[in-house]
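Biologist: I would like a close look at a single part of this protein. Please take one strand, go through its partners, and then follow the chain into what comes after.

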Amino acid sequence: MSIYGDFENMVTRTNDRQVKSPQDGCALDERAVREDLAACYRLAHHFKWTDLVYNHISARVPGREHQYLLNPFGLAYEEVTASNLVKVDPSGELVDGGSHVINKAAFVIHGAIHTARPDVACIIHTHTLHGAAVSCLDDGFQPLTQGGMQFHERIAYHDYEGIAVDEDECARLADDLGSHNAMILRNHGLITCGDSIGRAFSRMYYLEQACEVQLLAMSAGGGVRLAPADVRERTARQWERIDETTGTVSELPEWSALRRWLDRNDPGYRE
């Protein structure tokens, strides 16, 4: 018996499938999404949002609403490139990807959300120290910071059910997320999503930052001060107006700045 027990049931192997490699070429709009998604993986590595070779960031394929891109299982985030991303459908069947494998938890979590939320173009899931720690608190997340207040009354929770390889969990994940764009997986980690890769990234940045501040404030020994509820609501609505006015990913100044930084420091993601 393997020391890994049921680990092989957690991945889908593609070696025995006839699949088309992404190297064979793709439409320009898909290529643009591939580069944005590969950039997102490299930036997640830079910000230390990784958990060895686990976790996933997925993006919907333009014009193929029932297909999405994600990382091959076994590659570090810093190894992900535009061309080695694999394409799968919501059930976890690979559309292309060469001889790579994927983690079954990827399509249980990501497939569930992509299927239920056609407005979502990108989903980021993390197991960061700060996010996982907040996910273990009875009272959960507290929007203490300006960036964190965008999630006031706008964050969902999903109770832990074990490693997410049970497809029966898909419907419960989607139901718990509802129309929100951020969710705390209890005893597990964080999820953010958005209508673009840049927007999902920005939300994860501020959610992770707010979790870290919350833990620092709680550990300082004094009382933790929340802004009044009406101020938190006003701030959340201000964030929503920012989202409405920035529009597409090309108009997100922070994402454009991050892509420029990456082009200077880690341009291999485009390969």
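Modeller: Histidine 158 has leucine 185 as its bridge partner in β9. This pairing belongs to a set of 3 bridges between strand β8 (residues 156–158) and β9, and the two strands run parallel. The model is a predicted one, and what follows should be read with that in mind.

On its other pairing, β9 is joined by 4 bridges to strand β10 (residues 189–194), and here the strands run antiparallel. Isoleucine 184 has leucine 190 as its bridge partner in β10. The connection between β9 and β10 is a hairpin with 3 residues between the strands, and asparagine 187 in that turn has a positive phi of about 55°.

The side chains of β9 come next. In a regular strand, side chains alternate between the two faces of the sheet. In β9 (residues 182–185), Ala182 and Ile184 lie on one side, with Met183 and Leu185 on the other. All four are buried, so both faces of the strand are covered, buried being under 20% relative accessible area. Two of these residues have already appeared: Leu185 as the partner of histidine 158, and Ile184 as the partner of leucine 190.

After β10 (residues 189–194) comes helix α5 (residues 197–219). Two packed helices are described by the angle between their axes and the distance between the axes. For α5 and helix α7 (residues 253–265), the angle is about 95° and the axes are 9 Å apart. The two helices are therefore roughly perpendicular to each other. On the α5 side, the contact is made by Ile197, Gly198, Phe201 and Ser202, which meet Glu254, Trp255 and Leu258 of α7. By class, the contact residues divide into 4 nonpolar, 2 polar and 1 charged.

Phe201 and Trp255 from that contact also belong to one aromatic cluster, together with Phe47, Trp49, Tyr205, Tyr206 and Trp239. Across the whole structure, a search finds 10 aromatic pairs. One of them is phenylalanine 47 with tyrosine 205, an edge-to-face pair at 5.7 Å centre to centre with 75° between the planes. This pair links distant parts of the chain: phenylalanine 47 sits in the loop between α1 (28–46) and β2 (56–61), tyrosine 205 sits in α5, and they are 158 residues apart. Neither ring belongs to a buried residue: phenylalanine 47 is partly exposed, with a relative accessible area of 28%, and tyrosine 205 is partly exposed as well, at 31%.

Conventions:
Residues numbered from 1 in each chain as written. Predicted model: local features only at pLDDT ≥ 70, side-chain atom pairs only at ≥ 80, totals over all residues. Heavy atoms only, no water. Phe/Tyr/Trp six-rings, centres within 6.5 Å; stacked < 30°, edge-to-face > 60°. Buried < 20%, exposed > 50% of the residue type's maximum accessible area, 1.4 Å probe, protein only. Pairing = 2+ DSSP bridges. Axes fitted to C-alpha atoms, helices over the stretch in contact; angles between N-to-C directions. Parallel < 35°, antiparallel > 145°, perpendicular 65-115°, else oblique. Contact = heavy atoms within 4.5 Å. Nonpolar A, V, L, I, M, F, W, Y, C, P; charged D, E, K, R; others polar.
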